[in-house]
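Colleague: I would like to go through the labels on this model one by one. Please set each value against its cut-off.

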Amino acid sequence: MPGAAGGARRRRIFVAAKRVGLSLMQPVASVIIATVIGGVVMAAFGFDPFSGYAGLFRYAFLSEFNFTVTVLNSIPLIFTGLAVAFAFRCGLFNIGAEGQLMVGSLFAGWLGTLISLPMVITVPLLLIVGAVTGALWALLPGILKATTGAHEVITTMMMSWIGLYLTSYLVKNVLMDPRTTLPASNLISEQARLLTLNRVLPFLFRSPTRLHLGVVLAVLAAVFIWYLLTRTSLGFEVRAVGSNPFAAEAGGVSVRRNVIVALLISGALAGLGGTVEVMGLHYRVYDHFSAGYGFTGITVALLAKNHPLGVIPAALLFGALTNGGAGMQLKAGIPIDIVDVLSGVIIFLVAAEELFNALKRRQEKRSLLSRSMGGAEIDGRSEA
Amino acid sequence: MEEHIQTSRGPESADTVVRLTGISKFFPGVVANDRIDLDLRRGEIHALLGENGAGKTTVMNVLYGLYEPDAGAIEIEGRQVRIPSPRTALGLGIGMVHQHFMLIQKFTIAENVVLGHEPHTRARTLDLREARRRLRELSDTFGLEVDPDRKVMEASVGMQQRAEILKALYAGAKILILDEPTAVLAPQEVDDLFGTVRSLTKQGLSIFFISHKLEEVTEISDRVTVIRRGRVVGTLDTPSTTKRELAQLMVGRDVVLQVEKEEHAAGKEILRVEDLVVRDQRGLTALKGVSFAVREGEILGVAGVDGNGQIELEEGIIGLRKSASGRILFGEEDITSHGVRGRIDRGLGLVPQDRQKRGLVLDFDLAENILLGNQWKRPYARLLGLDYDYIRAQARSAVEEFDVRTPGIEVSARTLSGGNQQKLILAREIRRGPRVLVAAQPTRGLDVGSIEFVHSRLLELRAKGVGIILISYELEEILSLADRIIVLYEGEVVYQVAGAGAARETIGLAMTGGLAGE
């Protein structure tokens, strides 16, 4: 019966759309409320919130140049946001993405300064090296968690600092060009660089841009992670462990194995984020080039509610805030710190999920009351 | 549909201590209580009978101040009151003993009983001697025997329950709510409890007794109110009703009260456990060298009181817990070193005792819960990922075959009632086609209709030649289903008997340690 099957399909799409709509409600509401509060703060300090937000919006989105910078800012955040979100779905809090990112970029960048094979070989090779070294940086916390139960918040953080200072040391003492004072490696070879988008899609851009293929990779990574989580048995097991490890275990899922795998994939994503920055934007490994991408990734994942596709708009928002905030400071004289106020309030509101749930419950109760007046009978659920 | 039976005398004729009028309580997606009218007379035992999820506990939680009703009025001793918290309830003389005890494990029984109303010395420090003295006084008055200085974690379940009752009495309860008090007790302990409850009413207490067991309701109560789907369907004088009538009211249709088991010969041995030693969470030896075998088409009943190694047996067989020593043979093959997945692949299945923790991922939808334990197998899994069309089709047919009441397979397992959650687990485990099924407490907390359903499914499997290990704390269930019975006591098999001709008294004695060491 094709008609019935089509009906079921439509129904499923409707249910899915409703779910997406509902889950978007909270993050969107958080951003709106944060905007209002940020405006009040601006006004309280004697700034005009309307011209402030106008400036922020203009410098974040209006004009080709501004928009490309916003997107450029969001590329590493997409990767780190994915890294944190993926681990979260397995019930793990990877707060060491910053170190994994630096370590990944260091080894990929290092290799990039050494080899000059054709681009079709060099680019994938470097990406793999960045992902693998980033993953390795998360391996130890994974093993420790799986075998001894050592908490990953502690161990990923410790590994992160080790990674940061290790890269810093290697950059300044091994990779640094002795003829300069710049604390950075040599440039990576031409073949190791990601093309800028105006070279790939010249018709889209009026002027040369720094925006590079990394943005395509970031979006592909998000789609891939989404597919992995929702359509494969690996993703299913990861989510099962994250949601109820006891039932997962009884369903033949190895909790230990999945904990390690989830942290490896998380580390690989963070490593890729750093590698893409080096290959697409800096063309060399600077000492401490990451502007806290690993930490902002936590916020991005939180705002995205750990949904891989939600990470993209969330990263874009934070990319826009940094970019627009700088413009706002420059042109309207409103301190960039207001941006931190905004992101702080956003985090606070997203984390205050209970508040939203309570509001939702009240609403449900009201609709239920009106329904029960209509005499609908509902099967009782288990007594609390 | 409005069949409201009122055979008992009007409440005006007796001394009414509690009157609930039109109590309604809503939860998201559920009407838990729908205009419930209920009254309690002084000195009576009033049973609340109903299926799981019928709303019995909810209405009592309203009376105890745990929930505020969305509509309706409460009168205590003829005075209208509002009960926003258990503290208010206690102040009004209402005490409640929950199904799961609310005691502090590391405190002694005396400390637990006085908690919240601790006696002080003149120096305003805790007067434990006075606490013990008052506890003993209460204990003597009501015939509730406890050891005041024993820590709760070291006390038997029966003693913990008595402590809970004493706690309510100490707080001044005149009205006592007992929520499924027999669920955790051994048969002998149930008799003791019933004796206690009767003596409490002689001292002037009035008791609400929540249960879904017809047997005990007819034995203990003076009146019984049947609740179905959040509504009162009838209040009857217990002596003038029958179990059949109550069962009918409870589920709204006729039910078969006796399991009809057909005779058939068991096949060859399919699972053998030899000297199995398994440690518990704390590393203590919980299963001390257990041996038994199950044959194809046989139900092996494992009787025993909760906490005598049942969890360790269940998890040891399926591979969730490593065995410290001993062997498990599946047919000819030694599977002791295999993990859960290897054992599932060979044809072992588990209906776990803790269905919400072990059985389901509550936040996953029904389809993904059906997938659990199949996710590595074709045709669920393909080269490039899971086949969700196939999975959904499987889930739909599972839901239909096992009559899981749900608006659809897209809802989370959390939204199902306990009985339907259990049906979902059974559907998954049975449709996998197991050769050995470990069913631990498969009907705990289920209503009559669901129990009947689960039992007939287990018997169907038995007829198909599946070996079944039925672990249950309900002796009744084991006696009616099992072909052979073993009794676990303190991690050892203390008694074995063929199912037919098993003496209930002997098994009861074995369960409580009366046969240990013989």
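What follows is a set of short exchanges on how the labels were reached.

Modeller: This is a predicted model, with local features requiring pLDDT of at least 70, side-chain atom pairs pLDDT 80 or more, and totals for chains, interfaces and linings using all residues. Residues are numbered from 1 along each chain as its sequence is written, while chains are lettered from A and ligands numbered from 1 in the order in which they are written.

Colleague: Why is His288(A) called exposed?

Modeller: A residue is exposed if 12 or fewer other C-beta atoms lie within 10 Å of its own, buried if there are 20 or more, and partly exposed in between; C-beta atoms are placed from the backbone. His288(A) has 12 such neighbours, so it counts as exposed. His288(A) sits in the loop between helix 11 (255-282) and helix 12 (293-303) of chain A. Helices here are DSSP runs of H or I with at least four residues, strands are runs of E with at least two, and both are numbered from the N terminus.

Colleague: What makes the backbone of His288(A) worth a note?

Modeller: Its phi is positive, about 55 degrees, and His288(A) is not a glycine. Arg35(B), also a residue other than glycine, has a positive phi near 45 degrees.

Colleague: Why does Arg35(B) count as partly exposed?

Modeller: Arg35(B) has 14 C-beta neighbours inside 10 Å, so it falls in the partly exposed class. Arg35(B) belongs to strand 3 (residues 30-41) of chain B.

Colleague: What makes Ala398(B) buried?

Modeller: The count is 22 C-beta neighbours inside 10 Å, so Ala398(B) is buried. Its place is helix 13 (residues 388-401) of chain B.

Colleague: Which residues does Ala398(B) touch?

Modeller: Leaving out residues up to four places away in sequence, Ala398(B) touches Ile370(B), Ala427(B), Arg428(B) and Arg431(B). Contact means that the C-beta atoms of two residues, placed from the backbone, lie within 7 Å. The C-alpha atoms of Ala398(B) and Leu424(B) are 7.7 Å apart, with their positions 26 residues apart along the chain.

Colleague: How do you know that chain B is as compact as a globular protein of its length?

Modeller: Start with the content: chain B has 17 helices and 23 strands. Its radius of gyration is 24 Å, close to the 24 Å that the globule rule gives for 518 residues, so chain B is as compact as a globular protein of that length. The radius is taken over C-alpha atoms, and the rule is 2.2 Å times the number of residues to the power 0.38. Buried residues make up 49% of the 518 residues in chain B.

Colleague: What makes the sheet with order 13-12-15-16 (chain B) open, and which strands stand at its edges?

Modeller: Four strands form this open sheet, with antiparallel pairing. Strand 13 (285-295) and strand 16 (333-334) of chain B are the edges; each has a single partner strand, so one side of each lacks a neighbour in the sheet. Two strands pair if DSSP finds at least two bridges between them.

Colleague: How do you know that strand 12 and strand 15 of chain B pair?

Modeller: Strand 12 (residues 269-279) and strand 15 (residues 323-330) of chain B share six bridges, in the antiparallel sense. Leu271(B) stands opposite Phe330(B) of strand 15 of chain B.

Colleague: Where is the cis peptide bond in chain B?

Modeller: It joins Arg378(B) and Pro379(B), with omega about -5 degrees. Pro379(B) is in the loop between helix 12 (366-371) and strand 18 (381-382) of chain B.
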